[in-house]
Amino acid sequence: AARAGTAGEPAWWLAEVTEHELRAPDLAVLALRPDQPLPYLAGQHVSVQVPRWPRLWREYSVACAPAADGLLRLHVRAVPGGGVSTALVHQTRPGDTVILGRARGEMTAAAIRSARVVCVAGGTGLAPAKAIAEALTSPVRPHPQCAVRLFFGARTRADLYDLPDLRRLADTRPGLTVVPVVSGEPG
């Protein structure tokens with residue numbers, strides 16, 4: 001199959017799964033290394049196809065700002081009847097290959113002009129908000145840097161699956177404040 005896309009980009013990328021971390025019984029965080037650079041903006045999403053379900057594509061937000069290592073991180077929750085999500089969470093392992101489509105979406109860090117930003121996310125909806133917060137508080141971002149307050153909500157503390165990573169990111173980014181919010185556990 002031809003891979004030629006527009007503007008010298010491939011129409012699709014092969015990507016190796018380099019990390020697969022099960023963070024809950026139905027939720028995994030994956031790191032993918034595309035075979036060629038895959039351009040994207042923080043906040044965009046990519047289409048993913050797994051070998052088990054050829055020609056079945058599902059969209060996932062990239063959960064990190066673009067970085068020199070070229071890795072993309074996805075937060076995936078297996079949904080009942082979801083072939084791609086179930087395969088990514090329960091059947092995919094490091095060394096496996098998936099196919100990625102071009103990045104798309106207009107909700108990006110590049111579109112934000114404010115110096116003070118509030119992001120609110122719950123569940124795997126955290127992925128684009130995390131990427132945007134990371135990009136806006138990057139030390140290599142042209143000045144002025146943003147002050148970002150990221151609210152990450154869940155029903156229980158155990159559902160705050162990415163809180164350790166968010167805290168590590170906030171520790172290195174003076175402009176980022178992470179506020180965990182739990183609705184189902186008083187106190």
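Here is a short colleague's note on the fold of this chain, point by point.

1. A word on the basis before we start. This is a predicted model, in which local features need pLDDT of at least 70 and side-chain atom pairs count only at pLDDT 80 or more, while totals for chains, interfaces and linings use all residues. Residues are numbered from 1 along each chain as its sequence is written, and side-chain values use heavy atoms, leaving out hydrogens and water.

2. The overall make-up is three helices and nine strands; these are DSSP runs numbered from the N terminus, with helices being H or I of at least four residues and strands E of at least two. Along the sequence you will meet them as β-β-β-β-β-α-β-β-α-β-α-β.

3. Now to the open sheet. Six strands build it in the order β4-β3-β6-β1-β2-β5, with antiparallel pairing; two strands pair if DSSP finds at least two bridges between them. At the edges sit β4 (58-61) and β5 (72-77), each pairing on one side only. From one strand to the next, the twist averages 40° (axes are lines fitted to C-alpha atoms, for helices over the stretch in contact, and angles run from 0 to 180 degrees between N-to-C directions).

4. For a closer look at one edge, follow strand β3 (residues 45-49), which is joined to β4 by four bridges in the antiparallel sense. Here V46 stands opposite Y60 of β4.

5. Helix α1 (residues 83-91) lies across β1 (12-24), β2 (27-34), β3, β4, β5 and β6 (97-101), and runs at about 110° to β5.

6. Further along, the pairing is parallel: strand β8 (residues 147-154) and strand β9 (residues 176-182) share seven bridges. One pair to find on screen is L150 with its bridge partner V178 in β9. Together with helix α3 (residues 163-172), β8 and β9 make a right-handed β-α-β unit; right-handed means that, with the strands pointing away from the viewer, the path from the first strand over the helix to the second runs clockwise.

7. On overall dimensions, the C-alpha trace spans about 50 × 40 × 25 Å along its principal axes. The radius of gyration is 17 Å, which agrees with the value near 16 Å for a compact globule of 187 residues (taken over C-alpha atoms; the rule is 2.2 Å times the number of residues to the power 0.38).

8. Finally, 42% of the 187 residues are buried, meaning under 20% relative accessible area with a 1.4 Å probe, protein chains only. Among contacts (heavy atoms within 4.5 Å) between residues at least 6 apart in sequence, 67% join residues at least 24 apart.

How values were computed. Buried means under 20% relative accessible area, exposed over 50%, partly exposed in between (1.4 Å probe, protein chains only).
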